[in-house]
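Colleague: I've never looked at this structure before. Could you walk me through how to read it, one feature at a time?

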Amino acid sequence: MTIAIGNDHAGTDYKNAVIAHLESKGITVTNYGTNSNDSVDYPDFVHPVASDVSDKKVDFGIIICGSGNGANMTANKHQEVRSALCWTKEIAALARQHNDANILSIPARFTALQQALEMVDVFLNTAFEGGRHANRVAKIPVC
């Protein structure tokens, strides 16, 4: 499995923990995030993740910013991207099961680190259910 990850200044510590967590499981991670806590513009670090997901260079993406909203909005501008802002593992599971989400957006300022790691595991290990949900997901793109 390959994952692209990106973050802004609010997500650096979480990003580092997520990368260590994933690599300990043998998962390959491409890090597009800032490695600093100095203020940066989240789109600069989210667009490369979303591009890799859209171009199918990676299996999934993970993006992290303070609220998760800006990163999520940015990622969802890309075709073939279904980024889900999640704050519990239950929402992360539903995002995969019902929406075939391929990017997990984590709000670092509103989730505990352990909670974020649990969301990552659930997101990556939950399959899309298809069925009635596939028709709905097919209606998401505008173009």
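Modeller: Sure. Let's start where a helix ends: α2 is followed by lysine 56, whose phi is positive, near 60°. Keep in mind that this is a predicted model.

Colleague: Why does a positive phi deserve a remark?

Modeller: Most residues other than glycine have a negative phi, so a positive one stands out. Here, lysine 56 is a residue other than glycine with phi near 60°. Lysine 56 sits in the loop between α2 and β3, and its relative accessible area is 62%, so lysine 56 is exposed.

Colleague: Where does glutamate 80, with its positive phi near 70°, come in, and in which loop does glutamate 80 lie?

Modeller: Glutamate 80 is also a residue other than glycine, with phi near 70°. Look for glutamate 80 in the loop between α3 and β4. At 43% relative accessibility, glutamate 80 counts as partly exposed.

Colleague: Now back to the helix itself. How many residues does α2 have, and how far does α2 reach?

Modeller: A simple check on a helix is to set its end-to-end reach beside the expected rise of 1.5 Å a residue. Helix α2 covers residues 43-54, which makes twelve residues, and its first and last C-alpha atoms are 16 Å apart, close to the 16 Å expected. Helix α1 has twelve residues too, and α1 reaches 16 Å, again close to the 16 Å expected.

Colleague: Which residues of α2 are buried, and what covers them?

Modeller: For buried, think of under 20% relative accessible area. In α2 that applies to Phe45, Val46, Val49, Ala50, Asp52, Val53 and Ser54. Their cover includes β1 (2-7), β3 (60-65), α3 (69-75) and β5 (103-107).

Colleague: And which residues of α1 are buried?

Modeller: In α1 the buried ones are Thr12, Tyr14, Lys15, Ala17, Val18, Ile19, His21 and Leu22. Among the elements covering them are β1, β2, β3 and α5.

Colleague: What about residues that sit far apart along the chain? Which residues does isoleucine 27 contact, leaving aside its neighbours within four places in sequence?

Modeller: The trick is to compare separation in sequence with separation in space. Isoleucine 27 lies in the loop between α1 and β2, and the C-alpha atoms of isoleucine 27 and isoleucine 3, 24 residues apart along the chain, are separated by 7.4 Å. Neighbours within four places aside, isoleucine 27 is in contact with Met1, Ile3, Leu22 and Leu124. Isoleucine 27 is buried, with a relative accessible area of 15%.

Colleague: Is histidine 98 buried, partly exposed or exposed, and where does histidine 98 lie?

Modeller: Histidine 98 lies in helix α4 and is partly exposed, with a relative accessible area of 26%. From histidine 98 to alanine 134 there are 36 residues in sequence and 8.1 Å in space, C-alpha to C-alpha. Beyond neighbours within four places, histidine 98 touches Phe128, Glu129, His133 and Val137.

Colleague: On to charges. How many salt bridges does the structure hold?

Modeller: Look for a Lys or Arg nitrogen within 4 Å of an Asp or Glu carboxyl oxygen. This structure holds three salt bridges. In one of them, aspartate 121 pairs with lysine 25, and the closest N and O atoms are 4.0 Å apart. Aspartate 121 is in helix α5 (residues 113-125) and lysine 25 is in the loop between α1 (12-23) and β2 (28-31), so this pair ties together parts that are 96 residues apart in sequence.

Colleague: Which residues do shared salt-bridge partners join into one network?

Modeller: Aspartate 100 forms a salt bridge with arginine 96, at 3.0 Å between the closest N and O atoms. Shared partners join Arg82, Arg96 and Asp100 into one network. The salt bridge from aspartate 100 to arginine 82 has its closest N and O atoms 3.2 Å apart. At 18% relative accessibility, arginine 82 counts as buried, and so does arginine 96, at 7%.

Colleague: Last one: what volume does the largest pocket have, and which residues line it?

Modeller: With a pocket, check the volume, then the lining. The largest pocket here has a volume of about 230 Å³. Its lining is Asn76, His78, Gln79, Glu80, Val81, Arg82, Ser83, Val137, Ile140, Pro141 and Val142. By class, that lining has five nonpolar, four polar and two charged residues.

Terms used
Residues are numbered from 1 along each chain as its sequence is written. This is a predicted model: local features need pLDDT of at least 70, side-chain atom pairs count only at pLDDT 80 or more; totals for chains, interfaces and linings use all residues. Side-chain values use heavy atoms; hydrogens and water are left out. Helices (H or I, at least four residues) and strands (E, at least two) are DSSP runs, numbered from the N terminus. Buried means under 20% relative accessible area, exposed over 50%, partly exposed in between (1.4 Å probe, protein chains only). Contact means heavy atoms within 4.5 Å. On a 1 Å grid over the protein atoms alone, a cavity is a set of points where a 1.4 Å probe fits but cannot get out, and a pocket is an open set with protein on both sides within 12 Å along at least five of seven lines; lining residues have an atom within 4 Å of a point. Grid points are joined across faces, edges and corners, and a volume is the space filled by probe spheres set on the points. Ala, Val, Leu, Ile, Met, Phe, Trp, Tyr, Cys and Pro count as nonpolar, Asp, Glu, Lys and Arg as charged, and the others, Gly among them, as polar. A salt bridge is a side-chain nitrogen of Lys or Arg within 4 Å of a carboxyl oxygen of Asp or Glu.
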